[in-house]
Every structure is written in C-alpha cells, then in structure tokens.
Amino acid sequence: MKTLIKNATAVNEFRISETDVLIENGMISRIDRDIDTSGCTVIDAEGKYLFPGVIDDQVHFREPGLTHKATIASESRAAIAGGITSYIEMPNTNPQTTTIEKLEEKFAIAAGTSHANYSFMFGGTNDNLEEVLRVDPKSCAGLKLFLGSSTGNMLVDDEKTLENIFSSTPLIISAHCEDEATIKANLEKYKAEYGDDIPVKFHPAIRSEEACYLSSSRAVALAEKTGARLHVFHLSTARETGLFRNDIPLREKKITAEVCIHHLWFSDEDYDNKGTLIKWNPAVKTSADRKGLWQALLDDSIDVIATDHAPHTLEEKQNVYTGAPSGGPLVQHALTAMLETFHQGKISLEKMVEKMCHNPAVLFQISKRGFIREGYHADLVLADLDSPNTVGRNNIWYKCGWSPFEGTTFRSAVTHTFVNGNLVFDNGKFTGGRHAMRLEFDR
Ligand SMILES: NC(=O)N[C@@H](CC(=O)O)C(=O)O
C-alpha cells in the first residue's frame, strides 16, 4: 500500500519547503515535488504544515497499577491526537520499574495496547545498583533517577549509591532535580502557618529555586566528575540554565537539559486562577524564570521540549495543597500549545521541530525517527495553522478528562497523524487499529 502526502509545507532540518512525501511499507520512500499519484492513497496537504512526529522523552502513563488515573492505551491515544508519535515512559508506576522483569512487563503491555511508539526508563533506587548494571543500553531509553521526591516515592538520596550509579552505568541518566532537605524545611515552615491547606501560590516557595539549583548543580558536578551521560529533566528556573553548555553540538554533549510545556507556558501569576491544577514538581515559577527558560531554549542551552505528562484524577487534584498530587496531563496539547507560541512570535517552526522532534531522537539515539528523511519510519503530523479551537471537556482524550489548558483557544490544530506510515488520526477522529512499535536505539 502506498500513501502520498501531496503539496505539504514541510518543516524539517531547519528548512521549510513545499513537497510531496511518499510512504511505502511504513517508511518514507521518497520526498520530492510532483510525485506521481497512481496507485497511491492521496492525502491532500495543501495549506498544511508537515512535521516529523513529535517524540516526547518524559511521560507518565500510569500503567501498571495506577490505571484509575490513566492507561498506556488511553494516554497514547491522546498523544497521537496531539501529534506525538513516540514516547518514553517513566518508572514511577506500581510496581515500580526497578527490575528487568518489571521493565519487560511494561513492554508487553505497550506491545498489546499502545497507539504510539514506545520505550521506557528503568528506575534507579537506593538499593538496586546490581540490577541497574544488568540493563542492556539498547533495551530501553535510559535510567530515571528521582533526586527529589515526587509521585511514586522513588527518591534516591544515598550519596554513595548515587556516586556508584553515576560512575558505573553506561545508561543515559535522566534526573529529576530538587533538593529534598530544602523542600522539607520549606514545607514545615508553611505547614506551621497554614496546616495542610497551604495556598498553592506558595508551591514555588516550597519547591523553591534554591531546591532546584542545589540539586541540578550537584547532579551536573557529579556527571562532570564521573563522566556519566546526564540529561536533566524539566528545568524550571532561569538560574539552572547557566549550568548547561551551548557552545558544542548536541551530539558532543555529555550533559543535556529538557524544558517542559508547562514551564514555558504558565507562571506563578496563574496559581490564583488554576490552583492545584497547575501544581507540578518542579513548581511553575516566576515570569522571569519563564523568560530565562525561553532564552535558554532559543540559545540551545536547553536541548529538548517534553511534556512530563502526569495525569491525576480531578478528584485527587481538588484536595487541599498537601493532599493534591503534583502533575497534569499534556500530551494532547503540547504541539498545539507550542504552535501557539509560534503564532505569538516566540519561536520559529524550525526551532520547535528541532527541540520536539529532531533532538529527542539524536539525544537518545533513537533509530530512524525524528526527521522527515527517505528510509526513515513514516511518523508524520499535519497541522492546520489557521483552525482555531478551544480546549474543553468535550474534546479532551485523557482518561482523567481534564486539562490545564481548558478554556484556552489555540489557533492551530493537528489534522492528521501517521504512525509507522499508518494514518491513525484523521481530522478529529481516530481511524482505529494500532501500528505502534518498540523504539530501537543506535547505541
Ligand atoms: N511532574 C509531576 O509533578 N509529577 C509526576 C512525577 C514527576 O515527574 O515529578 C507524576 O508522576 O505525577
């Protein structure tokens, strides 16, 4: 079967050009103008933008064990509606992904239910170093370390263990960096004044800039000392961005950084209106922090944009501060939110594609994805940049049924998503059928 995407405006490898793209056997077989339509299913992409499928390097899909919040099936479906065709999922499930057996169980669930291409992070703990060292770097995306506590109680705080992990694993270490002692001391201070019902606007004072900087700078120093390959997840402060280099190409970096949609979009001015719905770890901080993150993204100190998609039920989120879990769902709206920032003049389409599609593939050495290239898997997204739509409960695909963007009108819409050459999302409808594959790595 041949599919031909006709007259698209492709954004790829720092160029924008009019082109046709021919798909055969799940792969991109030709990129050219005026490709012959005979024998092809033709997708008219006139006036639409074509991007490589987005690769999200940090999601929590809650399976196994937390399926009242989300499942691999439900969230990967929301992901393809949002143009995300591949994802890397985190180990803070129940049971945690801290043995090779548990890792393979997750791969089995994804093989049977995922709508988008998948891989997983192995979880490091204070006491599973031996198992970490058994993980084949080709078998999964990398090693996740929670250097600050968050959903799922996976804090790694034993200094000796950390140093051992950093100096011995060949895996890419992806770290959640927030200093636990600082957070605890801050929390006690606010609890003394407010009890459990702390106004959520103090979340960034509790999970403070200092907590982030202390932990990120320690992780970076440890990586420099040991030669470990470190990727710092979800930077949330301007100050942390100074820890990362932008004078060498990504392929040569041993220490890299990610920023998430919510830290680029929201600021502490939004707590009054959104409350615990925008309670994330690390916390959304000041507008000056947001500005610093944008600057670091554009000057390449930050390499990747991700979601940290972390759904909880609305009921859970509506608890008072200490009981409301941190995290929120984002995969369906990440690309349209970034396209909105393009409309606002904050980023070029080429840069957006670099940070959401190319760089996650390069950074994790994902085989044949992340670019529109002949011989690559046909993971592709078409978007209409002039199709205003408002996020509301009637058009949200997350199992939890809510979004921090509710009420927001985006000017752009994802119209078509292809996973491995198959049209899986077509003008607001899922076509049925699953065509996802396990991600492979060129390591
Ligand atoms: N980001 C969050 O606030 N929450 C995440 C965990 C995490 O990444 O910290 C979750 O799994 O709920």
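These are my notebook entries on a few spots I looked up in this structure, which is a predicted model.

**Entry 1: two buried charges**

I started with Glu180, which sits in helix α5, residues 180-194. Is Glu180 buried or exposed? It is buried, and I found no salt bridge for it. Lys184 is the nearest side chain of opposite charge, at 4.7 Å. A salt bridge needs the charged atoms within 4 Å, so that pair doesn't make the cut. What I did find was a polar atom of the Glu180 side chain 2.8 Å from the backbone nitrogen of Ser149. Ser149 turned up again when I listed contacts: skipping neighbours within four places in sequence, Glu180 touches Gly148, Ser149 and Leu155.

Next I went to Lys285, in the loop between α10 (271-274) and α11 (287-298). Lys285 is also buried without a salt bridge. Which side chain of opposite charge is nearest to Lys285? I noted Glu178, 5.0 Å away. Then I looked for polar partners of Lys285. Its side chain makes a polar contact of 2.8 Å with the side chain of Ser236. A polar atom of the Lys285 side chain also lies 3.5 Å from the backbone oxygen of Arg207. Beyond four places in sequence, the contacts of Lys285 include Pro204, Cys212, Thr237 and Asp268.

**Entry 2: helix α14**

I checked the length of α14, residues 349-363, against what a helix should give. With 15 residues at 1.5 Å each, the expected span is 21 Å, and the end C-alpha atoms are 20 Å apart, so the two agree. I still found a kink of about 40° in α14, centred on Lys355. How many of the residues of α14 are buried? I noted 14 of the 15, so the rest of the structure largely encloses this helix.

**Entry 3: backbone oddities**

Most residues other than glycine have a negative phi, and most peptide bonds are trans, so I went looking for exceptions.

Just after α14 I met Gln365, with a positive phi of about 55°. Gln365 belongs to the loop between α14 and β14 (380-384). Its relative accessible area is 33%, so I put it down as partly exposed.

Asp34 has a positive phi too, near 55°, and is not a glycine either. I located Asp34 in the loop between β3 (27-32) and β4 (40-44). How accessible is Asp34? Its relative accessibility is 68%, so it counts as exposed.

Then the peptide bonds. Where did I find cis ones? One joins Glu63 and Pro64, with omega about 5°. I placed Pro64 in the loop between β6 (54-59) and α1 (72-81). Another cis bond runs from Asn94 to Pro95, with omega near 5°. Pro95 is in the loop between β7 (84-89) and α2 (100-113).

**Entry 4: one last residue**

I finished with Glu224, in helix α7, residues 209-226. At 58% relative accessible area, Glu224 is exposed. I also took its distance to Asp57: the two are 167 residues apart in sequence and 23 Å apart in space, C-alpha to C-alpha.

Technical notes
Residues numbered from 1 in each chain as written. Predicted model: local features only at pLDDT ≥ 70, side-chain atom pairs only at ≥ 80, totals over all residues. Heavy atoms only, no water. Helix = DSSP H or I, 4+ residues; strand = E, 2+ residues; numbered from the N terminus. Buried < 20%, exposed > 50% of the residue type's maximum accessible area, 1.4 Å probe, protein only. Lys, Arg positive; Asp, Glu negative; His and termini not counted. Polar contact = N/O pair within 3.5 Å; in protein donor to acceptor, adjacent residues only side chain to side chain. Contact = heavy atoms within 4.5 Å. Expected span 1.5 Å × (residues − 1). Bend = angle between axes of the 7 residues up to and from the residue.
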